[in-house]
Amino acid sequence: MKKMNRREFLTLSGAAVVALSLAGCGGGSSAPAAPTTGEEAKVLEAINKYRGALPALTLDSGLNKAAEEVAKMILLNKPFDDENSYAEFDKAIAGYKNAEAYQPIGLSMNVETNKAAPRYVCQDDAKLMGEQLMAQTGDIALKQLKSPKLTLVGIHVFEYGSATYWVAVVAEGGKTA
């Protein structure tokens, strides 16, 4: 198990305090909170920095599974040429409010080969990652994070080549009954 440094501990502790204070406010999501690793917490912090004054997104374990499926699509390095390419991803987002309306964040599609590649590198500094997200232009999937309707996010951090990348999937609410 990886030891947490002081910065990671303070970040996670701060996130826990915020989560507990919001839990008492009522009107919260019924979605199961996902345990965060140090890397997921940093990506979540960067995404929420990118969102600015909008309400912070909550990490959701079911959407984490969907984000993991996006990473698998990248790692398989196969063309997305049929519905079977998306079957597990579709299962993972099924029932989440409007999740299917949002594109996964953190992948680039090559229109000639129809293959996906990772887009955003995971770094130790969440503030720097947030600033780099703000500097991006032309990424429609990233721009959708500015929607005030979003409440939940799933994040998956993975190794690709010699770097660590992240992908995310968002939804407007938890699973419907």
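Contact here means heavy atoms within 4.5 Å. The exercises below refer to a predicted model.

**Exercise 1. Find which residues of helix α5 are buried, and work out how they are arranged around its axis.**

Step 1. Helix α5 spans residues 126-135. With buried taken as under 20% relative accessible area, the buried residues in α5 are A126, M129, G130 and L133.

Step 2. An α-helix has 3.6 residues a turn, so residues three or four places apart point the same way.

Step 3. The buried residues of α5 cover an arc of only 100° around the axis, and therefore lie on the same side of the helix.

Step 4. The face turned away from that buried side carries K127 and A135, which are exposed.

**Exercise 2. State what covers the buried residues of α5, and how D125 caps the N-terminal end of this helix.**

Step 1. Among the elements covering the buried residues of α5 are the helices α2 (38-51) and α6, and the strands β5 (120-121) and β7 (163-171).

Step 2. At the N-terminal end of α5, a side-chain oxygen of the capping residue D125 lies 2.9 Å from the backbone nitrogen of K127.

**Exercise 3. Describe the second largest pocket by its volume and its lining.**

Step 1. The space in this pocket is about 280 Å³. Its lining comprises 16 residues, and Q103, P104, L107, S108 and M109 are the closest to its centre.

Step 2. At least two lining residues come from each of α3 (61-76), β3 (107-110) and α6 (140-143). Strand β3 gives the most, with three residues.

Step 3. Sorted by class, the lining has 11 nonpolar, three polar and two charged residues.

Note on methods:
Residues numbered from 1 in each chain as written. Predicted model: local features only at pLDDT ≥ 70, side-chain atom pairs only at ≥ 80, totals over all residues. Heavy atoms only, no water. 1 Å grid on protein atoms, 1.4 Å probe; cavity = no way out; pocket = protein on both sides within 12 Å on 5 of 7 lines; lining within 4 Å. Points joined across faces, edges and corners; volume = space filled by probe spheres on them. Helix = DSSP H or I, 4+ residues; strand = E, 2+ residues; numbered from the N terminus. Nonpolar A, V, L, I, M, F, W, Y, C, P; charged D, E, K, R; others polar. Buried < 20%, exposed > 50% of the residue type's maximum accessible area, 1.4 Å probe, protein only. Arc of directions from axis to C-beta. Polar contact = N/O pair within 3.5 Å; in protein donor to acceptor, adjacent residues only side chain to side chain.
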